[in-house]
Each structure stands twice: as C-alpha cells, then as structure tokens.
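User: Please take a close look at one part of this model, the way its strands pair up. After that, I'd like to follow the story outward to the contacts and packing around it.

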Amino acid sequence: PVFQNIAPGDIVTFRLYAWGGSGATSNATTGIGKSSSVKSAISLMVRGTTNDSPVPVLPSNLSEKIAGWSLPIKGSELDELSASTINSDLTSAKLTRGGGLVKSDLNYGFVSTSNVTNALDDAEQNNEYYSIDLVTKAGRYTSLSKMLYRYRRTSTGPVYYQWKYVIAGGTPVAIGTPNSFTSTLSEGVDIQLDLAEVAALKNIAPSTNVSLRLYLWGNSSAASANGFGRFNHATTTFDNIYISGAITQNPLLALTAQKEGTGIKLNWQTENEQNGTSFE
C-alpha cells in the first residue's frame, strides 16, 4: 500500500545494498548493467502508472490476477491470443481483433493497422477495436477490478482511445471518457484501466461472456502499427496485460460504510440468512 497513490512531488528512493565481495581489484565490481552484445536490452525498469487523481486501493479479495498475457515474439501474426496465465474458474480468456483491424508485423506485440479514422464513431462503425473476452465456468461469478496493459504505436498511429465493455453480446458501454496518447510509443507505455467503480462488471453471471474493447482513432497513416506490446528484448517474459478481480461461487455481498456523528454506519446485504447468530 505504501507505493499506491504516491502524492505529487514526493520522491521515492529504492536502494540496493551489496556486500560479500572477495577482492579489491578493478574486476571486483558490482552494479546494474547489460550485455554489450544485446544493446537493446532493458536493464532496469519500474512498472506502474500515473493518474491525475488517486485511484482506489482494492481489497485483497479483488486484487487477484485472474488472467494475464505474455506476448510471444511473433504474436502479431496470430488471429487471437489465449491468456498465458488463467484462473482455473475461467473457461477461456482471449485477446482478439475487431473486423476492421488488419494483422501487422511487430515483434513481441499483438498489433494491427487500420483505416485512417478521425472520430470514435468511425472506429465503432468500422469495428476497429481490440477485445479481451472472458468466460467463467458454470456456478462462478466474476468481478473485475482493474487491468494493466502495455500499449505501443508508431509515430503515425492512433492518438485517441476509448475502452468499452460488452456483456453477453449486448450494446458496448463506455468505461470513463476518451483519452489520448501524448507521444510516440515505440517502446510502449504501461496504462491502468480502473474497473473498480463499474457496477456492471461486478458479479457477472456464470457462463457469461464479458468483453473489454479498446477503440482507437486519430491515426494519420493506414500503415501505422499499433496495439499491445512489450519491451523489445526476448528475456522480458512478464505478463504485459493482466486483469485483476475475483471469481466466487456466490455473488459478492454489498457493504458500505458512512460517517455518522462520532460513529460509522454500516449497511450490508446478504444473499440469505439462516441459523446465524451475529455479524462481526
């Protein structure tokens, strides 16, 4: 928790202490570096996101990673990509393209090209979106809390984006407002999608398909590659897309707390009550 919602202007320092060396010659050195033969390698990296306001610090029962994708070298050649890590209560977790996107070549990425579009309406009409689809097993309820992903684009790639969710093939519903990228992202940038306050993404019924769609527009070239990616070096194998949440046998029960005078008023809802003695 100490590394969540660090205040603007605060300095956070990570220190690496090392000891136990056996010599004092010029060869007895230590530090952070990379192989001279792999000059494109990323040797030091801190992952996280920045926001213009604090984001919710999630309870532990909503912070479990339920699906993650570690992109293969030639992921851009695939029509769809199944999750590398997946909760045992999910029947499937896939990354796909909408019909308006065309596979494009970019190592360590799941990327595409598209028509030159100037507005979200164009992207929607042309089905220019990426989709992450999750389906839970029978008897299991899904609640989503957040997604962290790495997005890459070439200099002429889409400038704007909007996330939407679709439940059971229904109408796409916006998550937040449209946003924009401020620079070329050839190496990519980590972005967090906050789902904690989206009520429709809590207690999703068993065996229901839920889709998270990323619509993109504002590109100045139809040849510009964009999409999900990871750092260039092949040894970077962590999940570059992951979704956190919870999967339960019963719906998660509602609980709210509100200050009232010098005390706290709690309101909660139970699925059923039988032979109970008290609540703590």
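Analyst: Happy to. Arg 97 stands opposite Tyr 130 in E7. The two strands behind that match are E4 (residues 90–97) and E7 (residues 129–136), joined in the antiparallel sense by seven bridges. Helices (H or I, at least four residues) and strands (E, at least two) are DSSP runs counted from the N terminus, and two strands pair if DSSP finds at least two bridges between them. This is a predicted model, in which local features need pLDDT of at least 70 and side-chain atom pairs count only at pLDDT 80 or more, while totals for chains, interfaces and linings use all residues. Residues are numbered from 1 along each chain as its sequence is written, and side-chain values use heavy atoms, with hydrogens and water left out.

E4 has another antiparallel partner, strand E2 (residues 80–82), reached through three bridges. There, Leu 81 stands opposite Leu 95 in E4. As you look along these strands, keep in mind that side chains in a regular strand alternate between the two faces of the sheet.

Now for the packing. A nonpolar core here is a set of buried Ala, Val, Leu, Ile, Met, Phe, Trp, Tyr and Cys residues joined through side-chain atoms within 4.5 Å; buried means under 20% relative accessible area, exposed over 50%, and partly exposed in between (1.4 Å probe, protein chains only). The largest core has 37 residues, and Trp 69, Leu 134, Tyr 149, Trp 163 and Leu 212 touch the most other members. E4 and E7 each supply at least two residues of this core, as do E1, E8, E9, E11 (185–194), E12 (209–217) and E14 (241–248). Another core lies apart from it, with five residues, including Leu 120, Ala 123, Tyr 129 and Tyr 215.

Salt bridges come next: a side-chain nitrogen of Lys or Arg within 4 Å of a carboxyl oxygen of Asp or Glu. The whole structure holds six of them. One joins Arg 140 to Asp 89, with 3.3 Å between the closest N and O atoms. Arg 140 sits in the loop between E7 and E8 (141–153), and Asp 89 in the loop between E3 (85–86) and E4, so this pair ties together parts 51 residues apart in sequence. Asp 89 counts as buried at 18% relative accessibility, whereas Arg 140 is partly exposed at 22%.

A further salt bridge brings the side chains of Lys 164 and Glu 124 together at 2.2 Å, N to O. It links distant parts of the chain, Lys 164 in strand E9 (residues 160–167) and Glu 124 in helix H1 (residues 120–125), 40 residues apart. Lys 164 is buried, with a relative accessible area of 10%, while Glu 124 is partly exposed at 25%.

Asp 105 and Lys 74 form one as well, their closest N and O atoms being 4.0 Å apart. Here the loop between E5 (102–103) and E6 (109–113) meets the loop between E1 and E2, across 31 residues. Asp 105 is exposed, with a relative accessible area of 56%, and Lys 74 is partly exposed at 37%.

One last spot to visit is Thr 154, in the loop between E8 and E9. Thr 154 is partly exposed, at 31% relative accessible area. Its C-alpha atom is 9.6 Å from that of Asn 219, a residue 65 positions away along the chain.
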